[in-house]
Amino acid sequence: MTTKTPPGSSPAVLRYAAFTTDPSGGNPAGVVLDAAGLDDEAMLAIAAEVGYSETAFLTPATDSPDSPDRSGGSDDPGQHYTARYFSPKAEVPFCGHATVAAAVALAERDGAVTGDGARAAYVFATRAGIVPVAVSRAEGAVRATLTSVTPHVEEAAADDVAEALAALGWDAGELAADLPPRIAFAGARHLVLAAATRERLARLDYDFARLEALMRRLDLTTVQLVWRASPYVFHARDPFPVGGVVEDPATGAAAAAFGAYARELGLVPAESVLTLHQGEDMGRPGVLTVTLREGEKRVRVSGAAVPVPEGQA
């Protein structure tokens, strides 16, 4: 049973780090497990106060079959919630790391994953579409796996790529020739740019205002910068100026979009498991697992999540 926040009181805000088993790693997210009664202004204010790249706000679905929380035609089993995501500056349609954090927080609150092998299932109705999330515990770690909305990949205009490179301070010759620029979507839009070397990826010092202007014009959530370490292992960094954040430490929505990108370009087989390392250059290492299944367009993104102790950023 969920206890609603009494009128006039502030909701409890949980803090979880996603895509890590270490609270000082991965990407921290705020989580409000019952946002009933909060309007957009209140959610934005809470997200700004929390100060993380995103805070997730959940509202439990009603029992009515006509409830908007159940829109989208999902047949997936599990408890249904409406999920909204706010950065300190604006609402975003979907956020992967906050989804992982929120699902783990729900499962732990409900006592659903108290022992190894325990499982729980949720369905989040997001602005981007229906996102099922499975939670499980194994070897003491609690992990969540989200299934993205149907992704798509599109060409990136040459002038837009040139502007992105100029804002980043990259030369065109520093791009990997076999991983061409694309805009990929799996709940949010991301410009994918691949570095030719790990050294190029490690140096991130960009023109915040210039990149933000381009991203707003193209309706991008992040720019996903990647480097391919081996056939199935990649390193990633995600500038996030539109959210008021220089860099996102671990970006689940971008990982899902990248999975669609890798499949669309034939970089990996249709049935693949990819590992993305992100946050290392920020001192917040995280690991994202991207699973592609042959014959299924949607992409799965998995990772652990742990509570952030009070007083720890």
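Which element gives the most to the lining of the second largest cavity? Strand β13 does, with three residues. That space is a good place to enter this predicted model.

The second largest cavity has a volume of about 30 Å³. Its lining is made up of Arg 198, Leu 201, His 235, Ala 236, Arg 237, His 277, Gln 278, Gly 279, Glu 280 and Asp 281. Three elements give two or more residues each: α4 (198-202), β13 (233-240) and β15 (272-278). By class, this lining has two nonpolar, four polar and four charged residues.

The count comes to two cavities of 30 Å³ or more. The largest has a volume of about 70 Å³. It is lined by 14 residues, and Glu 54, Cys 95, Asp 248, Thr 251 and Ala 253 are the closest to its centre. Helices α2 (96-109) and α6 each supply at least two residues of this lining. Here the classes are five nonpolar, seven polar and two charged.

Helix α6 deserves its own look. It covers residues 252-264, 13 in number. From first C-alpha to last it reaches 18 Å, close to the 18 Å expected at 1.5 Å a residue. Eleven of the 13 residues are buried, so α6 is largely enclosed by the rest of the structure. The buried set begins with Gly 252, Ala 253, Ala 254, Ala 255, Ala 256 and Ala 257. Phe 258, Gly 259, Ala 260, Tyr 261 and Ala 262 are buried too. Ala 253 thus appears twice: it is buried in α6, and it is among the residues closest to the centre of the largest cavity. After the helix comes Gly 266, with a positive phi near 70 degrees.

Now turn to the open space. The largest pocket holds about 220 Å³. Of its 17 lining residues, Val 92, Pro 93, Asp 219, Leu 220 and Thr 221 are the closest to the centre. Strand β5 (91-92) and helix α5 (208-218) each supply at least two lining residues. The pocket lining divides into nine nonpolar, four polar and four charged residues.

How far can the coordinates be trusted? The mean pLDDT of the chain is 92, and 92% of its residues reach 70 or more. One stretch stands apart from that picture. Over residues 63-74, pLDDT stays under 50. The model has 15 contacts beyond four places in sequence for this stretch. Where pLDDT is low, predicted coordinates should not be read in detail.

How values were computed. Residues are numbered from 1 along each chain as its sequence is written. This is a predicted model: local features need pLDDT of at least 70, side-chain atom pairs count only at pLDDT 80 or more; totals for chains, interfaces and linings use all residues. Side-chain values use heavy atoms; hydrogens and water are left out. On a 1 Å grid over the protein atoms alone, a cavity is a set of points where a 1.4 Å probe fits but cannot get out, and a pocket is an open set with protein on both sides within 12 Å along at least five of seven lines; lining residues have an atom within 4 Å of a point. Grid points are joined across faces, edges and corners, and a volume is the space filled by probe spheres set on the points. Helices (H or I, at least four residues) and strands (E, at least two) are DSSP runs, numbered from the N terminus. Ala, Val, Leu, Ile, Met, Phe, Trp, Tyr, Cys and Pro count as nonpolar, Asp, Glu, Lys and Arg as charged, and the others, Gly among them, as polar. The expected span of a helix is 1.5 Å times one less than its number of residues. Buried means under 20% relative accessible area, exposed over 50%, partly exposed in between (1.4 Å probe, protein chains only). pLDDT is the predictor's confidence in each residue, from 0 to 100. Contact means heavy atoms within 4.5 Å.
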